[in-house]
Amino acid sequence: MSLYPADFVELYRREGLWLDETFATFFADAANRFSDAEAVVGPDHTGVEHRLTYRELADYSAQAAGVLAAHGVGQGDFVVVQLPNIVEYVVAIGAVFRLGARPVFALPAHRQAELTHFVNQSGAKALITTGVWNGFDHRELARELNITTLVIAEDPQEFSRFTFADWAEAKPVPAAQVDPLDIAFLQVSGGTTGIPKLIPRSHADYLYSVRESARICELTPETRFLVVLPVSHNFTMSSPGILGVLWSGGTIVLCPEPTPSTSFTLVARERITLCALVPPLALAWLAMAPVLHPDLSSLKVLQVGGAKFTPEAAKRIAPELGCRLQQVFGMAEGLVNYTRPDDSEELVIGTQGRPMSPFDEVRVVDDAGNDVPPGERGRLLTRGPYTIRAYWGGVDKESFTEDGFYASGDLVRQLPSGHLIVEGRDKDQINRGGEKISAEEIEDHLISHDLVHDAAIIAVPDRLQGERSYAFVVLTDGARLDATVLRDYLRKRRVADYKIPDYFEFAESFPTTGVGKTNRRELRRIVQEYVSAKTQQQEESTN
Ligand code: OOB
């Protein structure tokens, strides 16, 4: 069964977007093209550094596939992969693909709720995980899942060990023959609210997006890409990500933890040319660069995406970090937008890029689903050669229109050049007695204050207004400020009175999602707790 309607399959093939290549042969092909070049550099699970050539990567993957096959994993099986940024990750996914089996890409931050959901929904045959990582023992999750588990750790406990030493003894298996239109893997949705949904991506659609991304981002065999975000996130995987790098003959360097100091050290030591960050990490780089004085001279491009990067922060990247900024607005469901190397500074700073493919269809619509006039704000709908037509299991049908457009929930404006400006998400709007406040807009104002490092605006239920706005603010290191100062500041910037947050809360840092985006669900929960505690107090005092 194809994931796309027949007429679109025909179109995308005829136009040469979809080819017959598959992930089963991807690593072997790369080995043939770039054999002795350095493919992956990074620590293994014990912290020992490895440098694998393309040939070694393919050979280990073929052997690791042999180990998986011996555990009963075969063509078409789903395998949940939950690994941190260690060099074994790249071998492991190469192995799963080689068998024609299909990874389900969990993030290291996922826990029981998510993993159980992934296993049950996909009917996964096996789990590849690690031992203790970041103070958490992943074998504990495996214990409750009751599924064949391979552990990349010296002590797998009751499970099977899956390390370089085990692979070295295995017999390599040949690459499977699979249908390029079939599901290659399940990616997980990245919303900052709710449990992740599973996203079926085919070989043909995904590899098209990888090739096109590598071309747009001008990757070459000289590209050295630092992986700071979780390696299995869609941004790091394919925008252009590790797959784009392997497609181009460049080198992947894995950063085992996302602090600016570790990242800076690796940029200098490995002569990194490209790195991808979410906005909170980009802000952390900006904050730490003047303190740590890193050597970033090799860094040509810093990609920032995953959440809105404010123009205020965006314009600091080039002067303060000495590299070019590329904004990336993408989604695991498909559509990825890039600012282009030859875009004006205004576009690079002020927009989230334009769709990567001329075959991406974008509509900006109002609540009734009608196109808004050009340049006006509306909901993003998209359809194209690498955007899904349905979630796995057919859940959340409301996110798709009858004619196959995906509604991402993002509020955008589109410029005549095709560039999109993300203005928020439909749910990040605060409805204060009928007056709508864009969380994004107020966050941008707050972040522009010298002493504000980051800000998030959340709606709180209110008996009178329906909703009021709650500002969470993280100040720059050592700064002291109170709500009055920020209220005055917003007024000076001529922010309408009703948009000035009703409450302010100062925090050390924000809770984050698996990939490091500000976790609005968690902030809402915290606000909810305050509110119920306060109501309880009030009730007690009136009693
Ligand atoms: C990426 O993918 P996901 O699946 O984790 O999250 C997608 C959602 C988008 O619908 C949008 O709400 C938000 O994340 N988003 C952005 C953004 N990039 C993503 N919002 C504003 N500005 C941006 N630049 O996050 C993702 C996938 C591939 C490449 C890059 C990011």
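## Exercises on domains, ligand contacts and empty space

The centres of domain 1 and domain 2, taken over C-alpha atoms, are separated by 42 Å, with domain bounds that come from an automatic or database domain assignment. The model is predicted, so local features need pLDDT of at least 70 and side-chain atom pairs count only at pLDDT 80 or more, while totals for chains, interfaces and linings use all residues. Residues are numbered from 1 along each chain as its sequence is written, and side-chain values use heavy atoms, with hydrogens and water left out.

**Exercise 1.** State which residues make up the two domains, and describe the annotated span 441-517.

*Solution.* Begin with the assignment, which gives domain 1 as 23-36 + 47-178 and domain 2 as 429-542. Next, turn to the unreviewed UniProt entry, whose annotation "domain: AMP-binding enzyme C-terminal" covers residues 441-517; such annotations may be inferred rather than shown by experiment, and feature names are shortened, with positions given in the numbering used here. Finally, residues 441-517 are 22% helix and 34% strand, and their end C-alpha atoms lie 18 Å apart (helices, H or I of at least four residues, and strands, E of at least two, are DSSP runs numbered from the N terminus).

**Exercise 2.** Find the residues closest to the ligand and the backbone atoms that approach a nitrogen atom of the ligand.

*Solution.* First, the ligand is surrounded by 19 residues, of which the closest are His 233, Val 328, Ala 332, Asp 410 and Lys 517, a residue being near if one of its heavy atoms lies within 4 Å. Then examine the polar contacts, each a pair of N or O atoms within 3.5 Å. A polar backbone atom of Val 328 is 2.8 Å from a nitrogen atom of the ligand. For Ala 307, a backbone N or O atom lies 3.3 Å from a ligand nitrogen atom, and for Lys 308 the corresponding distance is 3.4 Å.

**Exercise 3.** Characterise the second largest pocket by volume, lining and domains.

*Solution.* A pocket is an open set of points on a 1 Å grid over the protein atoms alone, with protein on both sides within 12 Å along at least five of seven lines, whereas a cavity is a set where a 1.4 Å probe fits but cannot get out; lining residues have an atom within 4 Å of a point. Grid points are joined across faces, edges and corners, and a volume is the space filled by probe spheres set on the points. The second largest pocket holds about 1,200 Å³ of space. Its lining has 43 residues, and Pro 280, Leu 281, Ala 284, Ser 509 and Thr 512 are the closest to its centre. Helix α12 (279-292), β25 (452-462), β26 (466-475) and β27 (503-507) each give two or more residues, and α12 gives the most, with six. Domain 1 and domain 2 each supply at least three lining residues. By class, the lining has 26 nonpolar, twelve polar and five charged residues (Ala, Val, Leu, Ile, Met, Phe, Trp, Tyr, Cys and Pro count as nonpolar, Asp, Glu, Lys and Arg as charged, and the others, Gly among them, as polar).

Key. Polar contact = N/O pair within 3.5 Å; in protein donor to acceptor, adjacent residues only side chain to side chain.
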